Amino acid sequence: FTVVGNAEETNYIVSGEGRLPFEDINESHWGYESAVFCYVNGVVNGQGNTYTFAPDATLTRASFVVMLARVLGAELSDYENTSSFNDCPVGSWYTSAVEWAADMGYVNGTGKGDKFSPNDSMTREQGAVVLSRLLDKLGYEINAVEDAVDRYTDNGSIGSWAKEHVAVVVSEGLMSSTSINKLVFSPKMTMTRAQAAKIFMGIIQNYIFAECEHEYTEADCVNGKSCNKCGLVFTLPLGHYCETLSCVEGGVCITCGEEVAADAALHKYSVRDCVNPEKCSVCGDVRRAAAGHKFSAATCTVPKTCSVCEATEGAALGHNYGKATCTTPAKCSRCNAVGTAALGHTTK
């Protein structure tokens, strides 16, 4: 949450509506702007829960297609009860989007029988093919730069089926080199969620709504800056501005006068460890369970020990000494520690 001091030095709280609800991406991340844009326009949600965007996580083929459907505002109701791929079960969170994308000609199977491979990673060359087909269906005739592909030093690793599509997306600036030191396209590299958000923000702004002469509305407590004509949203809402507001207590917004309910976005979570969960100190809400100990095996001298917090369990095993001989000391069969010296020869 955000704490702001006023002239009387009384702390006021900005409600969670004025923040991106992901704990793992902020203004310092290169993908923050596109994450905000795609979030406020309904293209992306959290990854597995409501508070993690996972910007650097690899993107699956299923997630890429779902994002594409949201970008285009696809009507998926006609695709809810069918599946052309035997690895996309009817009723799953992605199947209707996959069916729509296949029907529209954006995607095909993976050549492994009747499979779409929804959980496989979306590679950069696969993404380039989909984006190229998208521009074509939007009515853009792209004249690819003549050496668009040849100038990349790893062009030989780009699949022949993808080269003309890669030429389109790099000519349009939708995708570029993965290195700042040399031109490499990295066709087999997996797209990340942040990369996809940046690409789709460009698609929305520069192609789908390129001709809109935006008429902007200013952001208020609950609405971000948006366009009256096309409906695009460009910023997060400002959030309500209240003196008494937390995860359990509401307040009155001094900006708009609205009575604001307790805001779950204002939990004060502690850092979890091996035995303590990530827990709100105000209301006791548990966000993530305790991590659990990571015990290493006990040794002769050290008990079972957690590598994170050094908690111990049980006792050390103790040495398991053999018998000394005239020439060999008593050694532990587990760790070779010496218990007693060799006996030495007894001569007559």
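Buried means under 20% relative accessible area, exposed over 50%, and partly exposed in between, with a 1.4 Å probe and protein chains only. The model is predicted: local features need pLDDT of at least 70, side-chain atom pairs count only at pLDDT 80 or more, and totals for chains, interfaces and linings use all residues. Residues are numbered from 1 along each chain as its sequence is written, and side-chain values use heavy atoms, with hydrogens and water left out.

**Exercise 1. Find how many disulfides the model has, and look at Cys 247 and Cys 253.**

Step 1. Set the rule: a disulfide is a pair of cysteine sulfur atoms within 2.5 Å.
Step 2. Take Cys 247. The closest cysteine sulfur belongs to Cys 280, at 3.7 Å, so it is too far for a bond. Cys 247 is buried, at 11% relative accessible area.
Step 3. Take Cys 253. Its nearest cysteine sulfur is that of Cys 256, 3.7 Å away, and Cys 253 is in no disulfide. With a relative accessibility of 1%, Cys 253 is buried.
Step 4. Give the count: 0 disulfides by this rule.

**Exercise 2. Describe how helix 1 packs on helix 6.**

Step 1. Locate the helices. Helices are DSSP runs (H or I, at least four residues), strands are E runs of at least two, and both are numbered from the N terminus. Helix 1 covers residues 32-40, and helix 6 covers residues 193-208.
Step 2. Read the geometry. Axes are lines fitted to C-alpha atoms, for helices over the stretch in contact, and angles run from 0 to 180 degrees between N-to-C directions. The angle is about 65°, with the axes 8 Å apart.
Step 3. Find the hand. A crossing is left-handed if the near helix is turned anticlockwise from the far one by less than a right angle, and right-handed if clockwise. Helix 1 crosses helix 6 in the left-handed sense.
Step 4. List the contacts (heavy atoms within 4.5 Å). Helix 1 offers Glu 33, Ser 34, Phe 37 and Cys 38. Helix 6 answers with Ala 194, Ala 197, Lys 198, Met 201, Ile 204 and Gln 205.
Step 5. Sort by class. Ala, Val, Leu, Ile, Met, Phe, Trp, Tyr, Cys and Pro are nonpolar; Asp, Glu, Lys and Arg are charged; the others, Gly among them, are polar. This contact has 6 nonpolar, 2 polar and 2 charged residues.

**Exercise 3. Repeat the analysis for helix 2 and helix 6.**

Step 1. Helix 2 spans residues 61-71. Its axis comes within 11 Å of the helix 6 axis, and they cross at roughly 25°.
Step 2. Helix 2 is therefore roughly parallel to helix 6. The classes are: under 35 degrees roughly parallel, over 145 roughly antiparallel, 65 to 115 roughly perpendicular, the rest oblique.
Step 3. The crossing of helix 2 with helix 6 is right-handed.
Step 4. Phe 64, Met 67, Leu 68 and Val 71 of helix 2 meet helix 6 residues, including Phe 200 and Ile 204. The contact has 10 nonpolar residues, no polar and no charged.

**Exercise 4. Decide how enclosed helix 3 is.**

Step 1. Helix 3 runs over residues 95-104, and 7 of its 10 residues are buried, so it is largely enclosed by the rest of the structure.
Step 2. Among the buried residues are Glu 99 and Trp 100. The buried residues of helix 3 pack against helix 2.
Step 3. Just past helix 3, Gly 105 has a positive phi of about 90°.
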